[in-house]
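Me: Could you zoom in on one spot in this protein and tell me what's around it? After that, please work outwards to the rest.

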Amino acid sequence: MTAPFTGDAPASPAQQRLWLVHQQGPRGVEFSFPYRFDVHGPCRTDRLTDAFAAVVARHTPLRTTFALDGDVLVQRVHAPGSAFCVRRTVRDAAEAGEWIADEVGTPFDLASDWPIRVRVYEIGPAECVVLLNVHHIATDGVSMRILMDEVAAFYRGDEPAPIGLPYARRRFDDRTPEPAAVEYWREVVADAPEAVRLPTARPVERRSFSGRWADRDVPADRVAGLERLAASAGASLYSALFGLLAIALTRRTGTADVVLGVPFAGRAAGEENLIGFFVNLLPVRFRVNEAGTFEDLCASAGEVVTGALEHSHLPLDRVLTESGVRPGGLNPLLDVTLTEEDTPRLELAGLRVETRELRLDVARYHLAFDYRRTAGGLRFEVSYAKDQLDRADVTAVLDDLVALIEAATDDPGARPAALPATGPVSVLHDPDPVAVPDSLETCWRAVLANHFDAVAVMDRAGSVTFGELDALSRVLAARLGSVAGQQVAVLCTRSRDFPVAVLGVLRAGATPMLLDAAQPEARLAALTGNLATVCSAGLARDGAVVVPADGNAPDVWAGRPADGLAYAIYTSGSIGTPKCVGVTDRGLSMLLANLSALGLCGPGQRLALNASFGFDASVQQWVRLFGGSTIVVLDEDTRLDPVDLVERLVSDRVTELDISPRHLEAVLDVLLSRFAGSRARLRLLIGGEAIPPGLWARLRAADTVVAWNMYGPTETAVDATVYPLALSPDPTIGLPLPGVRAYVLDAWLRPVPPGTPGTLYLAGPGLARGYLGAPGRTATAFVPDPLACDGSRMYDTGDRVRLRADGCLEYLGRLDGQVKVSGFRVERAEVEHAVLAQPGVTACAVLLDDEGSDPALHLYVVCAPDIPAVLPGRLRAVLPSQMVPSRITRVERIPLTARGKLDRARLTAAPEPVADPIAEPAAPQESGATEVIAAVWRTVLGRTDIRPEDDFFSLGGHSLLAIRVIARLHKDMDLKLPISTVFDYPVLQDLADHVEQQVRARA
């Protein structure tokens, strides 16, 4: 007989990966698999322990410890022995249970402990309890069956078949992959979503591995029906469950591109009888399509799983490396898994053995769906990370999964797309809308009747009353002549001319087309075409009607149809040409009524007309003239200069400022300083884009302003939802205005469950008529409302939102704001959200730098000089690696367009960034631990530009390279550090400080 193998051998890639993960587990039991066997009958416990010892002698992984030899992880195979087996006499099964509880909580030290423990508790001559505890680094599901079979054979006195070359002597990294397999996995991983995350998952800086469990039983008749469905589709039960779980996750995550970790045997020919860690957990990607039948779904899922199986011999690390994703440790592609479990059965001759799998309160993955066959059918046993998920989150997915199983077995020919979500859905509306005025003329005449001599408009030239404004508008309407039902272009300077022009066009029965006169002449010519035009005297154009400065004319309002257009305004188009949105009189009247109901419009209030006239935010400002408010027109120089703007607010006693977040960030310091100590409180109406968390928090803390978040696209008459910042600690776009219906829908126009991301659709009588002269575009964006019974339409905003637990809507970004980095899709808005949440950051913009061969995120940030050095580490705590910008440029400001939004062209054209530690490489310190560590990083990372403030992982470091760092530090400084040190102190200077502290403690 050949002597059992002993000695050192390189660890297999699978062992390396699990060893890395084990180092990060705080308790050391995260990958323990304990089983309890209650043995009834006269068991020969000495023979049983000998049987276990014989199996351990045959299989090297069961008598292996692990050590670093330089920067190489080796498996150290020990001579056979039986110390891992302990027999103990106990009073009863209860005492045995107490011993077992202690044993199960004892961690494995992979450097010194064999990865198997056997404890036999002898209760009496005819009863004993056996505890088998095995670390995953030595076994997998197939291995456990082999172990049980061989123990049973040795107990009977039989000799199992020879196993051939031991695990430790096999060279897994020498196996040349087939080109087809490499290409297959490249296609799978390319552009794949990195992680499946339930929308309510809480971010954590570091995984704790603490977990809980949720179970759900599926009756035998449903299981049988699902097996028949799978067979008819040429698939397996596993594939059917894979497809249905993908749908359930899609409905809860809002993404139809799902990646699940699927375990494959990972064994080559000749390895069928070996015990060891062979299992190959691979990312299997499924693009969910609910348009077909359940049978179609099962067939598609079967093809995907079978395709992965055919190429499953390629190890996970090789899959990731070949796909351009850095390997090592935990990978978010495998955060959600689906596994068929088979509880090991110990069959001892002449004895009855009951098997109990002992659950540990650990979560090896973010969300692991295990299922096993039971006498009553099938049981799902789901473990989840308790620091990230709540039980309700997990049971909601299980509810959906079971509902899908029931629907599929009831009618395999049904379409999943036709099935609604289970439980509550994200639909918001106010059942009691406000009363809407009959017409704009009615509103205006009411203002004249009550406030004829009150100031209506203020500008640099002075002020005009409502009566004077009415007179000027009558003159303009008379000059326009017969234009009722037509569009009239309005091109005015930032003065009283603009409200005169708008009011004059409206009373002439026409529709004002609102334009920014500062736009290039060629663009203005293209937008106005042959339209009649009203302009200020200083902007005189051929054939245009000039806004009058005085005069008189009859008090006439030309007839306006009930569904007439109150204004037309251009918005950018996704296909390169602008879209002209036509908003009805009723839509504008509804906006006015809602503003009045919220106390945001009325006599005595003074609002700054701050927005560009060609931006729909200006509508929300000038429409308040029809409610009796005074508007203060800010000229271009004033609105763009923070000091001048604030001084104008003070001097003209403005009570309300409508402003975009980026514009507000530019003026906020001056504004808060100027209003400090004042009894007046300025009301800020903020809209146009999402309010960053930092700005939200700062405004809530300010006692001189009252801030409201106003959300709404042009197509819904400016504002659709509102919320006062004081009522929410976190950013929200709030609740719908009266008369507005808000739906969060999926790709099949079904309301999604609360918390699930979806597309925001808006409906109600205030909806725009559509895109003028573009019926195709209108039909695409304005679609039939499936929840209405009157044939009305709803508008697809293209905004991704979710309904929070408090009933408010949370804005998640644009659906079309994705970029690709390292093969993964990234939402720039999400990165910006994370950056703006960091202390010391006041503004930022993230762009994709794709000029080189390796596109990367470029962060432009307004912050203190020391912030860029620490940002990578902070962001790595809250974002996946590919979402951490690889280039950071500190700038003085984020340039804005005339509409108060990001001017990307000017940002990228900035000649030089503000000097900071990121922009200017600093020479490394030439003394102490900093110098040593910098030298190690240069060697390991292959870089020369290493600085004390650099982050190891932002420079391209990963878990496997961290091993080399620890090994080199051990060699160069005679200092032994755990691998977790690099994760805990990723910044070079922090690591150096920690190392010097350890050196001093050792001295």
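Reply: Setting aside neighbours within four places in sequence, T714 is in contact with I569, T571, V581, V583 and D616, where contact means heavy atoms within 4.5 Å. T714 is buried, with a relative accessible area of 11%; buried means under 20%, exposed over 50% and partly exposed in between, using a 1.4 Å probe and protein chains only. Before you lean on any of that, remember that this is a predicted model: local features need pLDDT of at least 70, and side-chain atom pairs count only at pLDDT 80 or more, while totals for chains, interfaces and linings use all residues. Residues are numbered from 1 along each chain as its sequence is written, and side-chain values use heavy atoms, with hydrogens and water left out.

T714 sits in the loop between β28 (705-711) and β29 (721-724). The helices (H or I, at least four residues) and strands (E, at least two) are DSSP runs, numbered from the N terminus. Both strands flanking that loop belong to an open sheet of nine strands, ordered β17-β16-β25-β24-β26-β27-β28-β29-β30, with mixed pairing. Two strands pair if DSSP finds at least two bridges between them. At the edges are β17 (462-465) and β30 (735-736), each pairing on one side only. Helix α19 (residues 661-675) packs on this sheet and touches β26 (656-659), β27 (682-686) and β28, its direction making about 170° with that of β27. For angles like that, axes are lines fitted to C-alpha atoms, for helices over the stretch in contact, and the range is 0 to 180 degrees between N-to-C directions. Over at the β17 edge, β16 (residues 455-459) and β17 are antiparallel partners over four bridges, and M458 has S463 as its bridge partner in β17.

Now try S32, which lies in strand β2. S32 is buried too, with a relative accessible area of 0%. Not counting residues up to four places away in sequence, S32 touches F108, N133, V134, L360 and R364. The strand that holds S32 is part of an open sheet of five strands, in the order β5-β6-β7-β2-β12, again with mixed pairing. β5 (85-89) and β12 (352-357) stand at the edges with a single partner strand each, so one side of each has no neighbour in the sheet. From one strand to the next, the twist averages 20°. β2 (residues 32-40) pairs with β12 in the antiparallel sense over six bridges, and Y35 has E357 as its bridge partner in β12. Helix α4 (residues 141-156) packs on this sheet, touching β2, β6 (116-124) and β7 (127-135), and its direction makes about 145° with that of β7.

A few smaller pieces are worth a stop. Strand β18 (residues 487-491) and β19 run parallel, joined by four bridges, with V490 opposite L514 in β19. In β19 (residues 511-514), T511 and M513 point one way, P512 and L514 point the other way, and all are buried. Further along, β35 (residues 793-803) and β36 (residues 809-814) run antiparallel with five bridges between them, and R802 has E810 as its bridge partner in β36. These two strands form a hairpin with five residues between them, and G807 in the turn has a positive phi of about 90°.

For a helix, look at α10 (residues 391-410). Its 20 residues, at 1.5 Å a residue, should span 28 Å, and the end C-alpha atoms are 28 Å apart, so the two agree; the expected span is 1.5 Å times one less than the number of residues. α10 is mostly covered, with 14 of its 20 residues buried.

Stepping back, the protein has 28 helices and 41 strands, and 56% of its 1003 residues are buried. Its C-alpha atoms fill a box of roughly 115 × 75 × 55 Å along the principal axes. Among contacts with a separation of 6 or more, 72% join residues 24 or more positions apart.

As for trust, pLDDT, the predictor's confidence in each residue from 0 to 100, averages 87 for the protein, and 92% of the residues score at least 70. Residues 911-926 stay under 50, and the model has 33 contacts for them beyond four places in sequence. Where pLDDT is low, the predicted coordinates should not be read in detail.
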